[in-house]
Amino acid sequence: MEYKSFIGGAWHETSDSTPNVNPSDTSDILGHAAVGGADDMARAIDAASGAAAQWAKSTPQQRFDVLDFIGSEILARKAELGELLSREEGKTLPEGIGEAARAGQIFKFFAGETLRQTGDVLASVRPGIGVDVTRSPVGVVGLITPWNFPIAIPAWKIAPALAFGNAVVLKPAELVPGCAHALAEIISRSGLPEGVFNLVFGRGSVVGPELIGSNKVNAISFTGSVGTGRAIAADCGKLLKKVQLEMGGKNPMVVLDDADLDIAVDVSVNGAYFSTGQRCTASSRLIVTEGIHDKFVAAVEERLNNLNVGHALRKETHIGPVVDEKQLQQDLDYVDIATKDGGKVTGGQRLNRDTEGFFMAPALVTETTNDMRINREEVFGPVASVIRVKDYDEALAVANDTEFGLSSGICTTSLKHASHFKANAEAGMVMVNLPTAGVDYHVPFGGTKGSSFGSREQGTYAAEFYTTVKTAYTLP
């Protein structure tokens, strides 16, 4: 399979390509992805710029029909697309199919949003003057997406961009070209005018600056690492370009003495280790009060011993591989760092299976303090640490003691503590007796502090980024 860039309504080959390797079985090459250059990105930007005005004037029905077509086909093919996702990214097959379904639901939701766009008609404070407040498309939007959700995150950026009348240039992560290509192929048959949607494969260091620096691109939406996000924010700030960033997390899950132990273990294991821990919302810090600490740790260790790590497509697998060798080595390095800093590690070793892949036993690090590196820096793998605290007040203070603020959770049967935590947790999303990872597509997504910058993604709040507000005064 050749994964080509899609520019101005046509597929484009390049002289160079990279293999798409299955992390569950490195002998399984799914295809080869084009490696585009700055000139390919420039052509895509020109195509989007040329098509933006036409799409901005499209009717709500035109936009609805396009997005509804895309969403319907993704849902009809969710098993096929989910298997592709699991083969190239490493999520288990149920997780892959679930993500594909979510992508379809996102497009369906924003198809509906095309018909629900609203404005305000107000009276001026001056007699006889009317005021209309409406929203207009931003123009050309550059979308930069990560590898860990290779179809859902592109969907939750592309769908609102198109729904609100913008033209799009998508630059997906290099590790997951298959899902991006499949999504682009569906979009290419949706009835969208040529140039409104463009896909460019290539190295971020090569095509990224062209996308971010172009004066024809009006806004950038990025999901990825903190370092890259900060660099993008600085570049967009110099250009006075609208920017939206979703970056890292070091998400706490507080477990209080009064928690239901079974729920606390289920929630913590799900949040920390499912999807191989490769979620920005993963529960990487388990903050546990001393009355339940020992029972909780023993129960989590027992649960981890019963989890099957293996090939993502096999029914018995609970946790798939890490995405690639580089990420696996980073995860293993953090386990070593935690051990040297005084943590006690259960699991965390590389595993051999009957296929060559990037398999790692889930790691639980106990006897840690919040100032250790393992609790300050994002690992992005199947690694979680436990921090013992005295009581709720200390738990809340430790939970908030981080440069990140994406998702925060608590397990408790106390309405008082749950209510206080929801009000005082320094995070954009708060979960009570639920995993920190796992959100709905129709509500806002985003964090505080170093986790996010700019307006929220998803749901009706997406309009804040993908539109600009216009206020018009009329004297009849």
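## Exercises on a predicted model

Leu-240 counts as exposed, at 80% relative accessibility (exposed is over 50%, buried under 20%, partly exposed in between; 1.4 Å probe, protein chains only). The model is predicted, so local features need pLDDT of at least 70 and side-chain atom pairs pLDDT 80 or more, while totals for chains, interfaces and linings use all residues. Residues are numbered from 1 along each chain as its sequence is written, and side-chain values use heavy atoms, with hydrogens and water left out.

**Exercise 1.** Work out where Leu-240 and Asn-433 sit, and what their backbones do.

*Solution.* Start with Leu-240: look in the loop between helix H8 (226-239) and E12 (helices, H or I of at least four residues, and strands, E of at least two, are DSSP runs numbered from the N terminus). Next, check phi: for Leu-240 it's positive, about 55°, although this residue isn't a glycine. Now hop to Asn-433, in the loop between strand E22 (429-432) and strand E23 (448-449). Asn-433 isn't a glycine either, yet has a positive phi of about 60°. Finally, Asn-433 has a relative accessible area of 29%, so it's partly exposed.

**Exercise 2.** Describe how H3 and H6 pack.

*Solution.* Begin with the recipe: two packed helices are described by the angle and the distance between their axes. Here, the axes of H3 (residues 78-89) and H6 (residues 177-188) come within 8 Å and cross at roughly 155° (axes are lines fitted to C-alpha atoms over the stretch in contact, with angles from 0 to 180 degrees between N-to-C directions). H3 and H6 are therefore roughly antiparallel (over 145 degrees; under 35 is roughly parallel, 65 to 115 roughly perpendicular, the rest oblique). Then list who meets whom: H3 brings Leu-81, Leu-84, Leu-85 and Glu-88, and H6 brings Pro-177, Gly-178, Cys-179, Ala-182 and Ile-186 (contact is heavy atoms within 4.5 Å). Sorted by class, that's 7 nonpolar, 1 polar and 1 charged residues.

**Exercise 3.** Which residues of strand E14 are picked out here, Ser-283 and which other, and what surrounds them?

*Solution.* First, place them: Ser-283 lies in E14 (residues 283-289), and Ile-287 is in E14 too. Second, get the burial: Ser-283 is buried, at 1%, and Ile-287 is buried as well, at 0%. Third, pull the contacts beyond four places in sequence. Those of Ser-283 include Asn-251, Met-253, Gly-271 and Thr-436. With Thr-436, the side chain of Ser-283 makes a polar contact of 2.5 Å (a pair of N or O atoms within 3.5 Å, one able to donate a hydrogen and the other to accept it; sequence neighbours count only if both atoms are side-chain atoms). For Ile-287, the partners include Pro-252, Val-254, Ile-387, Val-389 and Val-398. Last, a distance to check: the C-alpha atoms of Ile-287 and Ile-144 are 33 Å apart, with their positions 143 residues apart along the chain.

**Exercise 4.** Put the UniProt annotations onto the model.

*Solution.* The unreviewed UniProt entry gives "domain: Aldehyde dehydrogenase" for residues 14-471 (annotations may be inferred rather than shown by experiment). Over residues 14-471, the chain is 40% helix and 22% strand, with end C-alpha atoms 46 Å apart. The record also lists Glu-246 under "active site". Locate Glu-246 in strand E12 (residues 242-246), then note that it's buried at 3% relative accessibility. Beyond four places in sequence, Glu-246 touches, among others, Phe-222, Thr-223, Leu-406, Phe-445, Ser-451 and Glu-457.

Definitions and conventions: Ala, Val, Leu, Ile, Met, Phe, Trp, Tyr, Cys and Pro count as nonpolar, Asp, Glu, Lys and Arg as charged, and the others, Gly among them, as polar.
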